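Thanks for coming, everyone. I will keep this short. Please have a look at the structure first.

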Amino acid sequence: MSMARPRPLLLALPLLSLATLACADDGGGDELNEGETGDIDADAGDGDGDGDSGDGDSGDGDSGDGDSGDGDGDGDGDGDGDPGDGDGDSGDGDGDAGLTVELLLNSDVILEANNDGALTAACVLFENGLPAAVQPSFEYTLTPAEGTIDNGDSWAFESFGTPTIGCSTQVDNEELSSEREIAVLNDAIDARLADLGAALGTSASGLAAVLAADGGEDQLLVDAIAELATVEPALADAELDLAGLDDVLVPLPGGYPSAAALDNAGILANADDDALGAALAEVDAALDALAATYAGFTPQVEPSEDDLAALEAAGATLDAALSNARALEPTAHGWLANRQTLALSTRDHLAPALVAVNNYVIGRAEAEGEGLFGIAPPDPVLTPKFGLLGLTLGMFNQSYIRVKLVNEWYGDTIKELDKSINNLILSELIDYLLPPNPDGPVIELFSASAAVGFAVPGYDTWAYGSNFNSDPDYNLFIILGDQWQGVVDQILGACGVSEDNSVPENIEAMNDCIEQVEMAVDSAINYSIDVVDPGLLGDQDVHIGPFPEVCEGFLPVATLVIPVNLAVGRGPTWQTNCLP
């Protein structure tokens, strides 16, 4: 089943006024397929600020014949929608594109609803590579509808998966549509990948809005640039900690399956698994080259034909690398083997390239429209309809095309990673859901000294009991004086650990609570060193190591030991007496 919505969903971006964007059509209400695209031609944006983004027809009158603008298809960046080479590739403006619909999402990578994830969408009609002067209304559909929460202006998803969002419209009795399959991330995938997806979505929508604003009301361009300017600070946010992204997967108890375990489960490696690393390296190099190309431009200087040619060349190299990577169909073998490589690719190559693109567009727009951005006093002669110079528009169009393609590659890549991990979850090859016994760990015997019932700092300590995690990294012991029990019980009681959560969600909740305990209570946190399963003196024997220095003076001090299995929560408190 699918969910249909006839009303337009609009992103919280400068692109929102779709019905009025790029309203520089002083040619007088021509039909969209009759060649009048808001007079965007070789004189587009002649800098006179008169609202005429051109001075005549956009070609010879046929939007399907490739003559949008001066009709030369020579990639001269004159604002005619043909910044390509006239060979039929995306963005060439050679007529093959004609009327197309672009589906702009806030992100192709979304978190589940319980992690505050939400999807918004806006469709834009493009004509010969540029947003059309008049925008129709669109109908949006989402498939499947099950598990989808319709918030009116956005959608949320109850569980991980790969739903499809689409939109459609009719222009002169011709139906036009676009759709994207997106990734709703499971909790085993690092949530920062959704933040990177949001940065790409904002950039793509912002760049489209810049193109649409040419020749329109000044505020449209100001708003579009303001939105683009939010991307770099968002990526640099300390809370995001993009610098710490060194793996696309989060740690799990028991880790992820080995190649042998995958083979035993019937998931066999293929040639694309071996090719994935090299393909990612090719994309990295192309992204670096694109960023370096932008770094060679001076936004305050009007771009030249050579600048546009250099940008097209770097873009062509990137397009080829993205195409090669998207052609691969790796299995879980390939994704698990390249999980760190993919993280570094997005962190060290994709994000910097995205910032380079946006910063050039921001700088160049501010240089041409300095009166709009408060850099220079406004010219009283100019009307409030600013036109970009032709070569600048060509550079901006190339920028939009590159970000759009990178966004599509990124969305598809994370979607396939998500599908692969989803399969491991459903096959129970990773500890994603709670184990059969979701109870907290129980200490039945505690050995922290030569005498039962006492603990000596420095003594090699063991706990014997049940329900500990077989992975020692996920067992810890909070050791503290009994006067702190009420505070700790209050913190851990509000921890948010639940059988309804996934293991990664419970681990995150418990780690947050442990941090609160450390800040609020004079205590020691000891992780287990080893777990013997089955044990000799208990169902499990857990090696803790030296008992911490938690008591002082001359008399025994009542001391509490609270066992925690990070995947399921705390267990009953064990009391001992610490001997200073």
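A residue counts as buried when its relative accessible area is under 20%, and as exposed when it is over 50%; partly exposed lies in between. Keep that in mind, because tyrosine 464 has a relative accessible area of 11% and so is buried. One caution before I go on: this is a predicted model.

Now the aromatic rings. A pair of rings is described by the distance of the centres and the angle of the planes. How many aromatic pairs does the structure hold? Eight. Here is one of them: tryptophan 462 with tyrosine 464. Their centres are 6.4 Å apart, and the planes sit at 10° to each other, so this pair is stacked, the cut-off being under 30 degrees. Tyrosine 464 is the buried partner, at 11%. Tryptophan 462 comes to 23%, so this residue is partly exposed.

Next pair: phenylalanine 468 and phenylalanine 477. This one is tilted. The centre-to-centre distance is 5.8 Å, and the planes make an angle of 35°. Are these two phenylalanines buried or exposed? Both phenylalanine 468 and phenylalanine 477 are buried. Elsewhere, Tyr294, Phe297 and Tyr360 are linked by ring pairs into a cluster.

On to empty space. Rolling a probe the size of a water molecule over the atoms shows where such space is left. There are four cavities of 30 Å³ or more. The largest cavity holds about 60 Å³. Which residues line the largest cavity? Among them are Leu200, Leu287, Leu350, Val357, Arg402 and Val406. Three elements give two or more residues each to this lining: α5 (271-295), α8 (339-368) and α9 (390-426). Helix α8 supplies the largest share, four residues. By type, the lining of the largest cavity has nine nonpolar residues, no polar ones and one charged.

Now the largest pocket. The volume of the largest pocket is about 610 Å³. It is lined by 24 residues. Closest to the pocket centre are Asp187, Ala191, Val250, Pro504 and Glu508. Which helix gives the largest share of this lining? Helix α11, residues 503-520, with seven residues. What is the make-up of the pocket lining? Eleven residues are charged, nine are nonpolar and four are polar. Both domains take part: domain 1 (235-375 + 385-421) and domain 2 (434-578) each contribute at least three residues to the lining of the largest pocket.

Let me turn to one helix. Helix α1 runs over residues 192-213, 22 residues in total. From first C-alpha to last, α1 reaches 31 Å. That is close to the 32 Å expected at 1.5 Å a residue. Why call α1 largely enclosed by the rest of the structure? Because 20 of its 22 residues are buried. After α1 comes glycine 215, with a positive phi near 80°.

Last stop, leucine 242. This leucine sits in the loop between α3 (231-236) and α4 (259-264). Its relative accessibility is 8%, so leucine 242 counts as buried, the limit being 20%. In sequence, leucine 242 and aspartate 348 are 106 residues apart. In space, their C-alpha atoms are 9.4 Å apart.

That is my tour. Over to you for questions.

Key. Residues numbered from 1 in each chain as written. Predicted model: local features only at pLDDT ≥ 70, side-chain atom pairs only at ≥ 80, totals over all residues. Heavy atoms only, no water. Phe/Tyr/Trp six-rings, centres within 6.5 Å; stacked < 30°, edge-to-face > 60°. Buried < 20%, exposed > 50% of the residue type's maximum accessible area, 1.4 Å probe, protein only. 1 Å grid on protein atoms, 1.4 Å probe; cavity = no way out; pocket = protein on both sides within 12 Å on 5 of 7 lines; lining within 4 Å. Points joined across faces, edges and corners; volume = space filled by probe spheres on them. Nonpolar A, V, L, I, M, F, W, Y, C, P; charged D, E, K, R; others polar. Domains from an automatic or database assignment. Expected span 1.5 Å × (residues − 1).
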